[in-house]
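Good morning, colleagues. Please take a moment with the sequence and the structure before I turn to the internal space and the helix packing.

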Amino acid sequence: MRIGLAGVGRIGAFHARTLQALDFVDELIVTDADPAAAKAVAAELDVPAVPDVASLLASGVDGFVIATATPGHAPLLRLGVAAGIPTFCEKPVAGTLAETIALAKLVASEDVPVHVGFQRRFDAGYQRAREAVASGELGFVHTIRANTHDQAPPHASYIPTSGGIFRDCNVHDFDILRFVTGREVASVYATGGNKGAAFFAEAGDVDTGGALLTLDDGTIVLVSSTRYNGGGHDVRMEIHGERGAIAVGLDHSLAMRSAEEGVDFPRGPRKWSFMERFLPAYQAELTAFADVVRGVRPSPCTVQDALEAFRVAEACERSRAEGRPVALSEIEGI
Ligand SMILES: NC(=O)c1ccc[n+]([C@@H]2O[C@H](COP(=O)([O-])OP(=O)(O)OC[C@H]3O[C@@H](n4cnc5c(N)ncnc54)[C@H](O)[C@@H]3O)[C@@H](O)[C@H]2O)c1
């Protein structure tokens, strides 16, 4: 199988290495708007680099992976679909709600599978939590806590086009919340704070976010995010129910130490980045994409799924800006 990859920055270079290591990929071809970046990754992996996406798609690839900066996603996704090539697109599929809706409509009307990169769906812990909720072993679920705490901020130039902390970081929590519970978000009340670098506020963003969500079955969900978690990379979900509780990401790598005397949990080592935290999940999602390309499974995360997560993020941004609870019914969808 021949896979074309556009964008070899932080996540794209990581995906290139993952794809190169997978058995099913016979040939990987890369491109980037920055030719030097494409050449460097191509040289490291001993794969061809082409000057642009048009050449990549014209070269007869079986699958197309989009890992460019967010503004590139929508136009490249349109090119991939127009070329009839099964496409994997990093989240978010677009920077705006209107464009996400347009893409969801487009993809629904075409016969080209599109897989959106919410890798937590392939994490074994989240999958077990989903089973625990579905099997009823927790009884009714009343409270969920979910967090995405990055150890350190990305480079300053990433922030103005990132969409803000809810669309960029917590969108993963919103997607996995739907996946784990099978429920939809009914309303949100969000806030944010800035104690770190000035470039967040200059971009109208916050470096730390918090949101209180209510699901359509009345479950209360507390979500947080930060770009400054000195203890390490910390992505977790706690699900509390009538008959029990289960936690995803609660192991000896926990980015926290106990204040209690004599407790030797967590023993470490800690994880410092999303790459370390989700390596097996990224491998599993790209393996699943190969099955999508081969036509043996449908997309495990559709543009419609991405739209629903994006709508929750959109509601959080509106809530933060207006200082009030926002019902999801206020946010356009399809
Ligand atoms: N799923 C995840 O866990 C995860 C993690 C990190 C980033 N992401 C997403 O991946 C995307 C990239 O993030 P990043 O941190 O790698 O960014 P980055 O800024 O490090 O890299 C982006 C790369 O895309 C290239 N590029 C930009 N526009 C392009 C275009 N039109 N054609 C070809 N190349 C283009 C840039 O030159 C750069 O090399 C973002 O949309 C982000 O939301 C997802």
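Searching the whole structure, which is a predicted model, yields one cavity of 30 Å³ or more. On a 1 Å grid over the protein atoms alone, a cavity is a set of points where a 1.4 Å probe fits but cannot get out. Its volume, about 40 Å³, is the space filled by probe spheres set on the points, with grid points joined across faces, edges and corners. The lining, meaning residues with an atom within 4 Å of a point, consists of Lys91, Pro92, Val93, Thr100, Val116, Phe118, Val171, Ala306 and Phe310. By class, these are seven nonpolar, one polar and one charged; Ala, Val, Leu, Ile, Met, Phe, Trp, Tyr, Cys and Pro count as nonpolar, Asp, Glu, Lys and Arg as charged, and the others, Gly among them, as polar.

A word on conventions. Residues are numbered from 1 along each chain as its sequence is written. Local features need pLDDT of at least 70 and side-chain atom pairs pLDDT 80 or more, totals for chains, interfaces and linings use all residues, and side-chain values use heavy atoms, without hydrogens or water.

Next, the largest pocket, a pocket being an open set of points with protein on both sides within 12 Å along at least five of seven lines. The space in the largest pocket is about 690 Å³. It has 35 lining residues, and Arg10, Ile11, Lys91, Tyr158 and Phe274 are the closest to its centre. Which helix gives the largest share of this lining? That is H9, with four residues. Helices here are DSSP runs (H or I, at least four residues), numbered from the N terminus. H1 (10-21), H7 and H9 (274-294) each supply at least two lining residues. The lining comprises twelve nonpolar, 15 polar and eight charged residues.

H7 brings me to helix packing. H7 (residues 165-181) and H10 (residues 303-322) pack at about 130 degrees, with axes 8 Å apart. Axes are lines fitted to C-alpha atoms over the stretch in contact, and angles run from 0 to 180 degrees between N-to-C directions. The two helices are therefore oblique to each other, a term for angles outside the ranges under 35 (roughly parallel), over 145 (roughly antiparallel) and 65 to 115 degrees (roughly perpendicular). Their contact has nine nonpolar, no polar and eight charged residues.

Finally, H4 (residues 73-82) and H5 (residues 97-109) pack at about 10 degrees, their axes 11 Å apart, which makes H4 roughly parallel to H5.
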